[in-house]
Amino acid sequence: MAQQHYRITLLRGDGIGPEIMAVAVDVLKAVGAQLDIGFEFTEALMGGAAIDATGEPLPADTLELCRHSDAVLLAAIGGYKWDNLPRHQRPETGLLGLRAGLGLFANLRPATILPQLIDASTLKREVVEGVDIMVVRELTGGIYFGQPRGIFTTETGEKRGVNTMAYTETEIDRIGRVAFETARKRKGKLCSVDKANVLEVSQLWRDRITQLAADYPDVELSHLYVDNAAMQLVRAPKQFDTIVTGNLFGDILSDAAAMLTGSIGMLPSASLGESNPGVFEPVHGSAPDIAGQDKANPLAQVLSAAMMLRYGLNQPTAAERIEQAVLKVLNQGYRTGDIMSPGMDLVGCRAIGDALIQAIELLNA
Ligand code: IPM
Ligand code: MG
């Protein structure tokens with residue numbers, strides 16, 4: 001029996017999900033064997049796969065299983081096939097239900113440029129070299145969950161779509177604290193992003209974050225409006241260390257930050273709550289156009305498994321081994337299509353997985 005033993009729920013989801021998950025599971029088993037960490041993997045249905053099998057994107061037993069595990073590793077969900085279903089039956093609704101159901105209010109999305117991939121970025125080398133940003137996105141509030149919401153019919157018979165962006169002081173404070181703590185462990189710089197020049201909800205956000213700063217005198221706090229933040233991210237991304245923002249702004253800015261690094265296929269994320277297990281998933285989607293063709297980049301999934309070890313299971317050594325293996329494989333010149341550059345070796349998803357296992361085995365030698 002291994003020294004530590006963890007129950008991991010696997011949600012492979014749709015599209016490239018199963019292929020990239022297979023690689024991540026192999027990698028976890030390999031480091032687990034080296035460090036005497038045991039994993040018990042249980043698969044459950046979510047997203048389009050769950051809709052096909054049960055009619056719902058997040059079956060109740062999936063949520064229960066997640067609640068009773070030590071961590072949840074999620075691949076990707078969604079696809080054209082389910083895009084026209086009513087909202088409550090969409091794969092995305094399952095993902096939002098999982099976040100809400102587990103109370104995962106804090107979403108950590110690191111965007112770090114690896115020297116090996118600088119040429120895969122669409123931005124100039126001097127702009128992106130050295131970029132190392134952590135986006136802390138609020139994940140269970142804001143306009144994604146605010147009431148009222150819906151498409152209503154007005155008195156004149158016209159339809160009117162409504163969503164509500166709302167944050168309570170409690171919601172702002174708890175994500176604010178996670179962000180200050182995160183910044184403290186990094187370079188000590190926190191930029192809070194809002195739209196306080198127009199929105200009351202943002203004014204409250206800014207006021208609370210400013211008040212919290214008194215408890216973190218070692219962290220240098222700044223504020224940006226979201227339009228300016230988007231511009232600064234592509235103009236001079238190195239000015240950022242940690243960014244904290246609400247759900248919708250975080251959704252948008254984390255995709256932009258991801259692309260600085262060359263490919264969204266490289267970026268992991270961690271979604272954490274107060275007590276429930278965390279969910280660890282790549283930032284990218286299910287890429288149905290390349291599903292089943294062995295073309296997907298599994299590295300964001302593998303790095304999500306590393307985040308699971310670090311933030312979810314408190315196993316930093318195992319996380320480091322995985323991250324080292326990823327660097328090794330990139331140094332060897334192996335690339336999937338999304339991060340391909342001249343002179344490199346174009347390989348498939350499984351080949352990257354094999355190279356990772358070899359690299360992990362060499363780390364132990
Ligand atoms: C993300 C995704 C999701 C979101 C979608 C799939 C609901 O874009 O995790 O960034 O908007 O949060
Ligand atoms: Mg998104």
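This is a short chat about a predicted model, covering one strand, a pocket and a surface patch.

Reader: Hi! Could we start with strand 3: how many of its residues are buried?

Author: Happy to! Six of the six residues of strand 3, residues 71–76, are buried, so the strand is largely enclosed by the rest of the structure.

Reader: Nice. And how many bridges join strand 1 to strand 3?

Author: Five bridges join strand 1 (residues 4–13) to strand 3, and the two run parallel. Strand 3 is also joined to strand 12 (residues 279–282), by two bridges, and that pair runs parallel as well.

Reader: Where does Leu 73 fit in?

Author: Leu 73 sits in strand 3 as the bridge partner of Leu 10. Leu 73 also stands opposite Phe 280 in strand 12.

Reader: Switching topic: what volume does the largest pocket have?

Author: About 950 Å³. Of the 38 residues that line it, the closest to its centre are Glu 92, Leu 95, Leu 96, Arg 99 and Tyr 144.

Reader: Which element gives the largest share of that lining?

Author: That's helix 4, with six residues. Other elements that each supply at least two residues include strand 3, strand 12 and helix 9 (247–260).

Reader: Last one, about the outside: which residues make the nonpolar surface patch?

Author: Met 340, Met 344 and Leu 346 make that patch, which is about 250 Å².

Reader: And where is Met 344 found?

Author: Look in the loop between strand 13 (334–335) and strand 14 (345–346). Met 344 has a relative accessible area of 31%, so it counts as partly exposed.

Methods:
Residues are numbered from 1 along each chain as its sequence is written. Chains are lettered from A and ligands numbered from 1 in the order in which they are written. This is a predicted model: local features need pLDDT of at least 70, side-chain atom pairs count only at pLDDT 80 or more; totals for chains, interfaces and linings use all residues. Side-chain values use heavy atoms; hydrogens and water are left out. Patches are made of residues with over 30% relative accessible area and no salt bridge: like charges are joined within 9 Å, nonpolar side chains (Val, Leu, Ile, Met, Phe, Trp, Tyr) within 5 Å. Accessible areas come from the Shrake-Rupley method with a 1.4 Å probe; for residues, only the protein chains shown count as cover. A salt bridge is a side-chain nitrogen of Lys or Arg within 4 Å of a carboxyl oxygen of Asp or Glu. Helices (H or I, at least four residues) and strands (E, at least two) are DSSP runs, numbered from the N terminus. Buried means under 20% relative accessible area, exposed over 50%, partly exposed in between (1.4 Å probe, protein chains only). Two strands pair if DSSP finds at least two bridges between them. On a 1 Å grid over the protein atoms alone, a cavity is a set of points where a 1.4 Å probe fits but cannot get out, and a pocket is an open set with protein on both sides within 12 Å along at least five of seven lines; lining residues have an atom within 4 Å of a point. Grid points are joined across faces, edges and corners, and a volume is the space filled by probe spheres set on the points.
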